[in-house]
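Hi,

Here is the structure we talked about, for you to open alongside this note. My notes on what turned up in it follow below.

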Amino acid sequence: MLFRFGTHRIRSFPKFSWISSTFLKGAMPGCIKGKFKRNLTAKTGRVGRSSHGNRNQNPKKRFFKVVSRSIAGLVFSTGALCGWQYYRLRRDYVPLKPPKGAVSGIETPLRITEGKDENNLEECQIFFIGDSLVIGIGCPDRLEGPVFARHISRVVAQALQKKVKWRVMGIDGGDVKTMREKLLVQVEKATRTSDAEVSAVVIMCGLNDYKCLIQEGRLPSMFKEELRNLIRAVKNIVGDEARVVLPALPVERAPLFQTLFPMNVMLYKVAKIWDHQKLVLSGEEQKVEFVDEPGHYNTGDWAVDGIHPSEQGYTRWADHIVISILPRLKDRVYLHQTRMGSVNLKP
């Protein structure tokens, strides 16, 4: 900024404001000093003011500036701490091995109702598609297969009085996009090798999609569209009459995250947002059912890694899911029998 002093120009910078104060204290004659003071005041509106002159600032502006800086510092420090906790978690976490055992089987009713022949029971199929939760990581090796799929199929077999064929198709660490790319071939093969209709498809997903938000910047809307594509691709193979079940993940109750504050708070919010996308899809797509997470878990319901359920936890979770979907499956069986003429409707 330039100020005219006689026939000369003086360049004034805030950090050299001591020059003006020195001149005004007596280094110049009175007439010249008055003229210089008037020119300086007219140009800048201040005399001898420091570059850090916030003392005369509006108190409200000063307050909001302090508050905004404090919030920015808190957000930055929280983000840094969450990043450090995430790094430590990925570095120190020891993954469990998938249990060995069957990936398919048949469940029959334990008690046959009167009038039904055990040798002539109808058959249906239930497919279980997903990540490590479908495979049964957290359980010991079982020759008969994962307890989650077996328990749901056993309860459905008893309720519907049918033989239920079940098949598990999972990828440890797989997200929705990976499932669509690698598991559809198995779904198509399983559908071709059996004449039994597919009554339900349980899709367990979301746990590995949280990581895609950090690693790839994949937003919740992108997760929803990927899941929609997977659901439609599965229905094109097994038929539109199959009911797709989308369970919510009980991430908030996993012991591994209980002590990781503040990362656990952010993780719980992310989990709720991702589960909300499943809920939205259940309203937009036909025959898609969203099942909320169980309301209670015990200490013994979790495996040693603190993130996967134990056998007891999988059984409790399976009970919660099958209670939610059984009414829909029963309605479908009743409607099917009515169309086939095996049920007599009275007026």
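Before the helix angles come up: axes are lines fitted to C-alpha atoms, for helices over the stretch in contact, and angles run from 0 to 180 degrees between N-to-C directions. With that in mind, helix α10 (residues 263-284) lies across β7 (243-247) and β8, and runs at about 145 degrees to β8.

One caution up front: this is a predicted model. The protein chain has a mean pLDDT of 81, with 78% of its residues at 70 or more. In residues 1-20 the pLDDT drops below 50, although this stretch has 28 contacts in the model beyond near neighbours in sequence. Residues 47-51 are also below 50, with nine contacts beyond near neighbours in sequence. Where pLDDT is low, the predicted coordinates should not be read in detail, so please treat those contacts with care.

Now the sheet. It is open and has six strands, ordered β3-β5-β4-β6-β7-β8, with mixed pairing. At the edges sit β3 (104-107) and β8 (288-291), each of them pairing on one side only. From one strand to the next, the twist averages 20 degrees. Further in, β4 (residues 123-130) and β6 (residues 197-204) run parallel and are joined by seven bridges. If you want a pair to look at there, Cys124 has Glu197 in β6 as its bridge partner. Helix α5 (residues 147-160) packs on this sheet, where it touches β3, β4, β5 (163-170) and β6, and its direction makes about 155 degrees with that of β5.

Next, the part you will probably want to click through: the empty space. The largest pocket holds about 840 Å³. Its lining has 28 residues, and those nearest the centre are Tyr86, Leu89, Leu207, Lys211 and Phe257. Two or more lining residues come from each of α3 (59-92), α8 (209-215) and α10, and α3 gives the most, with six. By class, the pocket lining splits into 19 nonpolar, six polar and three charged residues.

There are also two cavities of 30 Å³ or more. What is the lining of the largest cavity made of, by class? It has 11 nonpolar residues, with no polar and no charged ones. This cavity has about 90 Å³ of space, and its lining includes Leu133, Pro250, Trp302, Ile307 and Trp317. Leu207 and Phe257 are in that lining too, and both were listed above among the residues nearest the centre of the largest pocket.

The second largest cavity, at about 50 Å³, has a lining of four nonpolar and four charged residues, with no polar ones. Glu252, Lys272, Asp275 and Glu293 are among its lining residues, along with Tyr268 and Ala271. Leu249 and Val251 line this cavity, and they also line the largest one.

Last, two backbone details to check before you set anything up. Most residues other than glycine have a negative phi, and most peptide bonds are trans. Phe261 and Pro262 are joined by a cis peptide bond, with omega about 10 degrees; Pro262 is in the loop between β7 and α10. Gln161, in the loop between α5 and β5, has a positive phi, near 55 degrees.

Cheers

Methods. Residues numbered from 1 in each chain as written. Predicted model: local features only at pLDDT ≥ 70, side-chain atom pairs only at ≥ 80, totals over all residues. Heavy atoms only, no water. Pairing = 2+ DSSP bridges. Helix = DSSP H or I, 4+ residues; strand = E, 2+ residues; numbered from the N terminus. Contact = heavy atoms within 4.5 Å. 1 Å grid on protein atoms, 1.4 Å probe; cavity = no way out; pocket = protein on both sides within 12 Å on 5 of 7 lines; lining within 4 Å. Points joined across faces, edges and corners; volume = space filled by probe spheres on them. Nonpolar A, V, L, I, M, F, W, Y, C, P; charged D, E, K, R; others polar. pLDDT = per-residue confidence, 0-100.
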